[in-house]
Protein chains: 2
Amino acid sequence: MSRPTQERAVRTRELILKAAAEEFDEKGYAGASITKIVDRAGVTAGALYFHFQSKQGLASAVMNAQSGAIEPLIGSEGLQRLVDITLVWARQLQVDPVLRAGVRLAVEQGSFGLQDASSYQGWRTIMGECLHEAARKGELRPEADPDRVAAFVVGACTGVQLYAQLLNGRKDLTERTVHMWELLLPGIAVPDVADRIELDGERGKRHDDGGVADGGTGG
Amino acid sequence: MSRPTQERAVRTRELILKAAAEEFDEKGYAGASITKIVDRAGVTAGALYFHFQSKQGLASAVMNAQSGAIEPLIGSEGLQRLVDITLVWARQLQVDPVLRAGVRLAVEQGSFGLQDASSYQGWRTIMGECLHEAARKGELRPEADPDRVAAFVVGACTGVQLYAQLLNGRKDLTERTVHMWELLLPGIAVPDVADRIELDGERGKRHDDGGVADGGTGG
C-alpha cells in the first residue's frame, strides 16, 4: 500500500473501532448491529469486513483496545504511576466509549462464546512494568512479587468496577479505587513509600477535562 | 397449602433450581433451554412457571442462591471466618453448579438485560457480619471500616475469579485467594491478628470431599 492509502486505512479502522465501541457500550454484544456500526462510522460494510472479518472479531478488537485509552498525563514513576493509571481508568470508565465497551465485552464475553484473557493480560503487563520499576526503586515490601501483585490488581479492578456499575453506574468508582489503594498499600509498599503515595482522585483528570497536567511522584 | 403439599412444593422448587443452575453453568443464559431444564428436573413446564414465571426470573433466583452454597464447616470467628468463607467459595466454585451458575449469570447479566446487584449485596452482608464481629473483637485496624472493606472484598473476589476462569478454568483460584489475603491483611488487621490468621487452602475443604471438619480461629 502507498503511504496515503495506508494512512487512510488506519483512519478507517479507527473510525470503525470507535463506532463499534459506542454501539457495544450502549447495547452489549447481542444487541449491537453491524448496520448501525457502519452507519455511525460512515463507511461501507465492505470496509468493516476488510478490517475485522466478523462481529466477534470486532468485539475482540474493542476488548484489546482498552489499555490504549489510558494515558496518565501526570509524570510519575513506579508505584505512584500504577496508582495514577488506575485513577485515570476509574475516571475514563465514566466517559470513554472504547474503555467502557472493552470492559463490558471482556466481562460478558462468555455470553457470546469467547474465552479470551488477552485484554486482562494487557493490563497485567502494563501494571507489572510499574511494579517492577517500583521494586527496582526499593518501594515494595520484599515479599510482594511484582507479577503476582499486578495479576491481583487487574482482577480486583475488574470486579470493583463491575460491582460499582451495578450499584450506581460507576459514579463512585474513583472513591472505590482510592479505598482499594488504602487497603492494599500497607501490604505492598514499604512504610515510608505507602505514606508518601498520593491518592487524590483529581490525579485521574486529564488535560481535556480541565484536570492537573503535571505532578511528580508525590510526597 | 397443607404441610405435605408445601414440602413437595419446596422440593420441586429446589429440583428446578439445581437443574437450571446446571444448564446455565454449561450454556450461559442465551444458550440455556427451558425444555432441557424441565427434563433435567423431571418436572412439568407448568411447575417451572408456577415457581419462576420466566427464564429471567429463574436466572435471578439462581444468582441469589449463591451464598446458600457456602457453609464453612470449620468453627471460626471474625476475620478468620471471613477468610474461611472465601476459601470454601474458591473451592466450591470448581464443583458446585449453583455457585458456578450464580457467579456466571451475575457477571454476564448485562447481556440479558438485567442490572441487579442483589447477589453481590448478599455477599456483602455476610462478609460485613464477619468484619463487624472482627471489629468488636479488636481485630481490625482503626481506619478499616467493616462495611467498606466488605464491599471491596466482594468486588475483588468477583474479578479475581473471572480472571482465573479465563486463564485456567479457575484451577488456581484457591492460591489466588490466599494471595489476596496476604496482600490485604496488613491493611485490614492489627499486626498480631494479621500474623495469626491461617491461610491454608485446605480450610476450604468440606466434609464431603474429605476435608478438615473442625478448627478454631487458628494460630
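Chain A and chain B meet through 37 residues from each, where contact means heavy atoms within 4.5 Å. This is a predicted model: local features need pLDDT of at least 70, side-chain atom pairs count only at pLDDT 80 or more, and totals for chains, interfaces and linings use all residues. Residues are numbered from 1 along each chain as its sequence is written, chains are lettered from A in the order in which they are written, and side-chain values use heavy atoms, with hydrogens and water left out.

How much do the two chains bury between them? About 3,300 Å², with 66% of it on carbon and sulfur atoms; buried area here is the accessible area (1.4 Å probe) that two parts lose on being put together, summed over both. On the chain A side, A:Y163, A:L166 and A:L183 provide 22% of what that chain buries against chain B, more than any other three residues.

Now for the elements behind that surface. Those giving two or more residues from chain A are α6 (97-108), α7 (118-136), α8 (146-168) and α9 (173-188), with helices being DSSP runs of H or I, at least four residues, numbered from the N terminus. The largest share, 15 residues, is from α8(A).

As for polar links, there are zero salt bridges between the chains (a side-chain nitrogen of Lys or Arg within 4 Å of a carboxyl oxygen of Asp or Glu).

Finally, symmetry: chain A lands on chain B with an RMSD of 0.0 Å after a turn of 180 degrees and a shift of 0.0 Å along the axis, superposed by least squares on C-alpha atoms of residues with pLDDT of at least 70 in both. That is how a two-fold axis relates copies. Both use the same surface, as 100% of the contact residues of chain A recur in chain B.
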